[in-house]
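User: I'd like a close look at one part of this model, and then a walk through whatever surrounds it in your account. Here is the entry I have open.

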Amino acid sequence: MGKKIEGSRHREGNFITEFLTAPRFSKARYALLILAIAAVALNQNEYIFIRYRPLLGNGFYLIVLFTSLVFIGGGMVHATVLVPRYMLRKKYGKYFLISFLTVTAAIVLLWGQNYAVSRWWNIPNVSGEGISFTLLVVSLMDFVMYFICFTGIAVSILLKNWVTEDREIARLQNRKLASELSALKGQLNPGFLFNTLRSASAVCENAPKLAEDMIMSLSGMLRYQLYEGENSAVAVNKEIKFLTEYLSLSILTGKRFTYDIRYSGETYQMLIPPLILSPLVAAAAEKINEDSELDIMFTYKPDGLVFDCKFHTDNPDAFTDFSSLRSRLGLIYGGLYGLEQFHSNGICRYILTLPRKYLKP
């Protein structure tokens, strides 16, 4: 239930983004724009002709319609010509020059409208007779208002383009991250595959059941790698099963050693990235001494899950380069994980600490 609530909030938070960018909302966006323009035109003419409403009658709505068409025409010029040809191409000088001419043309048209209204209904010209200081002040105010309205359309288009580009960048980054994670996931060593198949072939005649079990274990591991490896997280018990089959086959095809995997009850169902532990176990199986024990312990702590792999080795080069593993851990956890190696008195330990992310069952 909690996941569904989070998903619902996520969709609500993205509604504005979807409304601005999604093609299915294009008609709704234009309808909202036209309604906003009509509201501005209605409010403006209501203020200008308030004293003459009884004389104008239904003609008042024709005036509102003409004003709305002027606003819509200026807005469409900005949306379809000025913004794509000049603003988005960073030709700001031409954009503001032509915007100035567009706003001036709109003011002239509305002057003509007011003159026509005064002659048709025999009322005083609300724009005034002749050129006066009052007319210039009012015209300047109208110029500022129209310019804000027209450029506001440009800002909305720029916002839409910015949101679209931002989403595309995020999508490409996620795709790149997924590709890098896929490339860095622990894969079965080709040498391990070859040794397993060769050993199964060698015992096939004398021990067919053993050969069959080896092939079945190998196929299970490959299936796990193919299907579970595509998930972002898997339960610890699935990872333990994979590691158990890997170690069992390693013993049959290489060194003889024993292993012990221990974990607390609450750890068993915790979630971790798939195949995140296999590089550590593979390195331990390669470096461990013959006839010794590999000890693996899973410990769940308040700050995360600790994987402790301990074994005996006489290999002077016990330290392993886990650069690919560190890269994958960095992509998933940032700097919140811990990976340490210790080698002292013939005992080597790999300790991996994963933060609480992915750990909840």
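Which residues make the nonpolar surface patch of about 260 Å²? Please take me from there to the sheet and its loops.

Analyst: Happy to. Please keep in mind that this is a predicted model. The patch you ask about is made by Tyr30, Leu33 and Met76, and its area is about 260 Å². One of these residues, Met76, lies in helix H5, which covers residues 59-87. Met76 has a relative accessibility of 33%, so it counts as partly exposed, the class between 20% and 50%.

For the wider setting, the protein chain has 12 helices and seven strands. Of its 361 residues, 36% count as buried. The accessible surface comes to about 21500 Å², and carbon and sulfur atoms hold 62% of that area. Taking contacts with a separation of 6 or more, 71% join residues that are 24 or more positions apart.

Now to the sheet. Five strands form an open sheet in the order E2-E4-E5-E7-E6, and the pairing is mixed. Strand E2 (258-263) and E6 are the edges: each has a single partner strand, so one side of each has no neighbour in the sheet. On average, and with direction ignored, neighbouring strands are turned by 10° against each other.

Let's start at the E2 edge. E2 runs parallel to strand E4 (residues 293-301), and six bridges link the two. Within that pair, Arg262 stands opposite Met297 of E4. Helix H10 (residues 236-253) packs on the sheet, where it touches E2, E4 and E5, and the direction of H10 makes about 175° with that of E2.

Further along the order, strand E5 (residues 304-312) pairs with strand E7 (residues 347-354) through eight bridges, in the antiparallel sense. Here Leu305 faces Leu354 of E7. E7 is also joined to strand E6 (residues 338-344), again antiparallel, by seven bridges. In that pairing, Phe342 has Arg349 of E7 as its bridge partner. E6 and E7 make a hairpin with two residues between them, and Asn345 in the turn has a positive phi of about 55°.

Phe342 also leads us to a loop. Phe319 sits between E5 and helix H12 (323-333), and its C-alpha atom is 7.9 Å from that of Phe342, although the two are 23 residues apart along the chain. Setting aside neighbours within four places in sequence, Phe319 contacts Lys287, Gln341, Phe342 and His343. Even with these contacts, Phe319 has a relative accessible area of 45%, so it is classed as partly exposed, short of the cut-off of over 50% for exposed.

Two further loop residues are worth checking for their backbone angles. Leu275 is not a glycine, yet has a positive phi of about 65°. Leu275 belongs to the loop between strand E3 (271-272) and helix H11 (278-287). Its relative accessible area is 1%, and buried means under 20%, so Leu275 is buried. Asp291, also not a glycine, has a positive phi of about 60°. The loop that holds Asp291 runs between H11 and E4. With 69% relative accessibility, Asp291 counts as exposed because that value is over 50%. The two loops thus offer a simple contrast: Leu275 is buried, whereas Asp291 is exposed.

Definitions and conventions: Residues numbered from 1 in each chain as written. Predicted model: local features only at pLDDT ≥ 70, side-chain atom pairs only at ≥ 80, totals over all residues. Heavy atoms only, no water. Pairing = 2+ DSSP bridges. Helix = DSSP H or I, 4+ residues; strand = E, 2+ residues; numbered from the N terminus. Patch = residues over 30% accessible without salt bridge, like charges linked within 9 Å, V, L, I, M, F, W, Y side chains within 5 Å. Areas by Shrake-Rupley, 256 points an atom, 1.4 Å probe, with all protein chains shown as cover. Salt bridge = Lys/Arg side-chain N within 4 Å of Asp/Glu carboxyl O. Buried < 20%, exposed > 50% of the residue type's maximum accessible area, 1.4 Å probe, protein only. Axes fitted to C-alpha atoms, helices over the stretch in contact; angles between N-to-C directions. Contact = heavy atoms within 4.5 Å.
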